[in-house]
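Student: Could you walk me through this protein one step at a time? I would like to see how each answer is reached.

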Amino acid sequence: DAAFAFRDLYAFPNPARRGAAPIIRLQVGVADSVLLNIYDVSGQLVHSAALANPSVLDDGNGKGPQWTYDHAWDVGGVGSGVYVYVVTAKKAGNADIRRISRVAVIK
């Protein structure tokens, strides 16, 4: 279903251990733009990315095939800790979809 609506947001593996790049996955249908910002616990922006080129994926979450945006976050430049990520999806004629979640990094 390509309709623009929030379906799911999560990071895996979570926690990310020994330098493994966590994948941040967003399922919102087809959006005009998707922005990902990741912050440390002090609120400092540590990573930002524009997500593009969604693919249709059935990830086994019980929601069937969904248009999915994935981003592998290279954690090489950050330390162990909990990080807050914010995704904002936009589509003309619709209200923005904005969600916040957390991912842990253990080095």
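Tutor: Gladly! Let us begin with a term: a residue is called buried when its relative accessible area is under 20%, exposed when it is over 50%, and partly exposed in between. Please keep in mind that this is a predicted model.

Student: Is Arg18 buried or exposed?

Tutor: Find Arg18 in the loop between strand 2 and strand 3. Its relative accessibility is 75%, and the cut-off for this class is over 50%. Therefore Arg18 counts as exposed.

Student: What is the phi of Arg18?

Tutor: A helpful background point is that most residues other than glycine have a negative phi. Arg18 is not a glycine, yet its phi is positive. The value for Arg18 is about 50°.

Student: Which residue in the loop between strand 5 and strand 6 should I look at next?

Tutor: Look for another positive phi in a residue other than glycine, here near 55°. This residue is exposed, with a relative accessible area of 71%. The residue in that loop is Asn53.

Student: Let us turn to the peptide bonds. Which residue does a cis peptide bond join to Phe12?

Tutor: As a general rule, most peptide bonds are trans. Here the bond is cis, with omega about -10°. The partner lies in the loop between strand 1 and strand 2. Phe12 is joined to Pro13.

Student: What is omega for the peptide bond from Asn14 to Pro15?

Tutor: Pro15 lies in the loop between strand 1 and strand 2. The bond from Asn14 to Pro15 is cis. Its omega is near 15°.

Student: Now for the sheet. In what order do its 4 strands lie?

Tutor: The 4 strands form an open sheet, and their pairing is antiparallel. From one strand to the next, the twist averages 35°. The order of the strands is 1-3-7-6.

Student: Which strands stand at the edges, and why is one side of each left without a neighbour?

Tutor: Look for the strands that have a single partner strand. With a single partner, one side of each is left without a neighbour in the sheet, and this is so for residues 8–12 and for residues 55–57. The edge strands are strand 1 and strand 6.

Student: How many bridges join strand 6 to strand 7?

Tutor: Strand 7 covers residues 66–72 and runs antiparallel to strand 6. Among the bridge partners, Val56 goes with Trp67, and Ser55 goes with Thr68. The number of bridges joining strand 6 to strand 7 is 3.

Student: Which residue in strand 7 is the bridge partner of Ile23?

Tutor: Start from strand 3, which covers residues 23–27. Strand 3 and strand 7 pair in the antiparallel sense over 5 bridges. In strand 7, the bridge partner of Ile23 is Ala72.

Student: How many salt bridges does the count come to?

Tutor: Each one needs a side-chain nitrogen of Lys or Arg within 4 Å of a carboxyl oxygen of Asp or Glu. One of them is between Asp96 and Lys90, with the closest N and O atoms 3.8 Å apart. Asp96 is partly exposed at 44%, and Lys90 is partly exposed at 39%. The count comes to 4.

Student: How many residues apart are Arg25 and Asp59?

Tutor: The side chains of Arg25 and Asp59 meet in a salt bridge of 3.8 Å, N to O. The pair links distant parts of the chain, with Arg25 in strand 3 and Asp59 in the loop between strand 6 and strand 7. They are 34 residues apart.

Student: Which residues are linked with Arg25 in a network of salt bridges?

Tutor: We have already met the salt bridge from Arg25 to Asp59. The side chains of Asp70 and Arg25 also meet in a salt bridge, at 2.7 Å from N to O. Asp70 lies in strand 7 and Arg25 in strand 3, so this pair ties together parts that are 45 residues apart in sequence. The residues linked with Arg25 are Asp59 and Asp70.

Student: Is Arg25 buried or exposed?

Tutor: For its partners, Asp59 is partly exposed at 23%, and Asp70 is partly exposed at 38%. Arg25 has a relative accessible area of 10%, which falls under the 20% cut-off. Arg25 is therefore buried.

Definitions and conventions: Residues are numbered from 1 along each chain as its sequence is written. This is a predicted model: local features need pLDDT of at least 70, side-chain atom pairs count only at pLDDT 80 or more; totals for chains, interfaces and linings use all residues. Side-chain values use heavy atoms; hydrogens and water are left out. Two strands pair if DSSP finds at least two bridges between them. Helices (H or I, at least four residues) and strands (E, at least two) are DSSP runs, numbered from the N terminus. Axes are lines fitted to C-alpha atoms, for helices over the stretch in contact, and angles run from 0 to 180 degrees between N-to-C directions. Buried means under 20% relative accessible area, exposed over 50%, partly exposed in between (1.4 Å probe, protein chains only).
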